[in-house]
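Student: I should like to understand how the terms used to describe a protein model are justified. May we go through some of them together?

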Amino acid sequence: MPVRNGLTHLHRALSSVLEQQPRPPAQVLVIDGNSTDGSDALVEAWALRWPQLSILRQRGVGLAGARNEGMAMASQPWLAFCDADDAWSPGALKLRLDALGSPPLPSAVVGQVVLEALPGVEPTRLQEERLGQARPGFTPGALLVHTDLVERLGSFDEGLSIGSDSDWLARLHDLAGPILCLEAITLIKGARTGSLSTQVDTYRRDLLQVARRHIQRRRNAG
């Protein structure tokens, strides 16, 4: 869980992950990007109650870097993500674990994602139009994936400003084939004006580069 000055919504994110039923994740890593708003103190307080929770001080910068540092420290057989302004839906972990354990034993699974307005935050016009609409969650927060596949896949591209998630998921698809998509909602994504995905021009440039890389990989594969 990457966070940088996300205190306002961090409690919601931590609660959604650590209070999963019938049991929470065995390991939860928060990667703090030098927060100055007390986010680190909140995580440390939660860790007193939840021993599987720990906080890492980010050495690099950026979202992709935070994800990479967290993956490097992950020690469980599967990997999942949740950003500090998002939340897992109740039962999201069990739904995805059950799917990974069912024939034909997929290596990765996503659920649906729904956009939700955050308290005290004004969404953009486009976000407002999408509020409450469930859609396939091809985003890290909706994903559960085996760590052996992640090791083969490699890290997020820290050279991409916004498109690192899309690039990583495209490479995952190219490596493992289609990702199983559940009909159930697994991620509640917080809508906020300052989120990276609202930087439309940069996002488009990154996605164009992601698409070109995908096409080149397909060509190389024959």
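Tutor: Certainly. The model is a predicted one. Let us start with Asn 34, which is placed in the loop between strand 2 and helix 2.

Student: Why is Asn 34 called exposed?

Tutor: Its relative accessible area is 53%. Exposed means over 50%, so Asn 34 with its 53% is given that label.

Student: What makes the phi of Asn 34 worth a remark?

Tutor: Phi of Asn 34 is near 60 degrees, a positive value in a residue other than glycine. Most residues other than glycine have a negative phi.

Student: Why is Asn 5 called partly exposed?

Tutor: Asn 5 has a relative accessible area of 33%. Partly exposed covers values between the 20% and 50% limits, so 33% belongs there. Asn 5 lies in the loop between strand 1 and helix 1, and its phi, near 55 degrees, is also positive.

Student: How do you know that the peptide bond between Gln 21 and Pro 22 is cis?

Tutor: The evidence is omega, which is about 5 degrees for this bond. Pro 22 is in the loop between helix 1 and strand 2. Most peptide bonds are trans.

Student: Why are Phe 81 and Phe 156 called an edge-to-face aromatic pair?

Tutor: Two values decide the matter. The ring centres are 5.8 Å apart, and rings pair if their centres lie within 6.5 Å. The planes are at 85 degrees; over 60 counts as edge-to-face, so both parts of the name are justified. Phe 81 is in the loop between strand 4 and strand 5, and Phe 156 in the loop between helix 6 and helix 7, 75 residues apart.

Student: What makes Phe 81 and Phe 156 buried?

Tutor: Phe 81 has a relative accessible area of 7%, and Phe 156 has 2%. Buried means under 20%, so the term applies to Phe 81 and to Phe 156.

Student: Why is the pair of Phe 81 and Trp 168 called edge-to-face?

Tutor: The centres of these rings are 5.8 Å apart and the planes stand at 80 degrees, so the pair is edge-to-face. Trp 168 is in helix 7, so this pair ties together parts 87 residues apart in sequence. Trp 168 is buried, at 0% relative accessible area. Ring pairs thus join Phe 81, Phe 156 and Trp 168 into a cluster.

Student: How do you know that the charged end of Arg 67 sits near the ring of Phe 156?

Tutor: The charged end of Arg 67 sits over that ring, 5.7 Å from its centre. The distance limit is 6 Å, so 5.7 Å falls within it.

Student: How do you know that helix 7 has the span expected of it?

Tutor: At 1.5 Å a residue, its 13 residues should span 18 Å, and the end C-alpha atoms are 18 Å apart, so the two values agree.

Student: What makes the buried residues of helix 2 line one face?

Tutor: The buried residues are Ser 39, Leu 42, Val 43 and Trp 46. Seen down the axis of helix 2, they fall within an arc of 95 degrees, so they line one face. In an α-helix, residues three or four places apart point the same way, because there are 3.6 residues a turn. The buried residues of helix 2 pack against strand 1, helix 1, strand 2 and strand 3.

Terms used
Residues numbered from 1 in each chain as written. Predicted model: local features only at pLDDT ≥ 70, side-chain atom pairs only at ≥ 80, totals over all residues. Heavy atoms only, no water. Phe/Tyr/Trp six-rings, centres within 6.5 Å; stacked < 30°, edge-to-face > 60°. Helix = DSSP H or I, 4+ residues; strand = E, 2+ residues; numbered from the N terminus. Buried < 20%, exposed > 50% of the residue type's maximum accessible area, 1.4 Å probe, protein only. Lys NZ or Arg CZ within 6 Å of the ring centre and 35° of its normal. Expected span 1.5 Å × (residues − 1). Arc of directions from axis to C-beta. Contact = heavy atoms within 4.5 Å.
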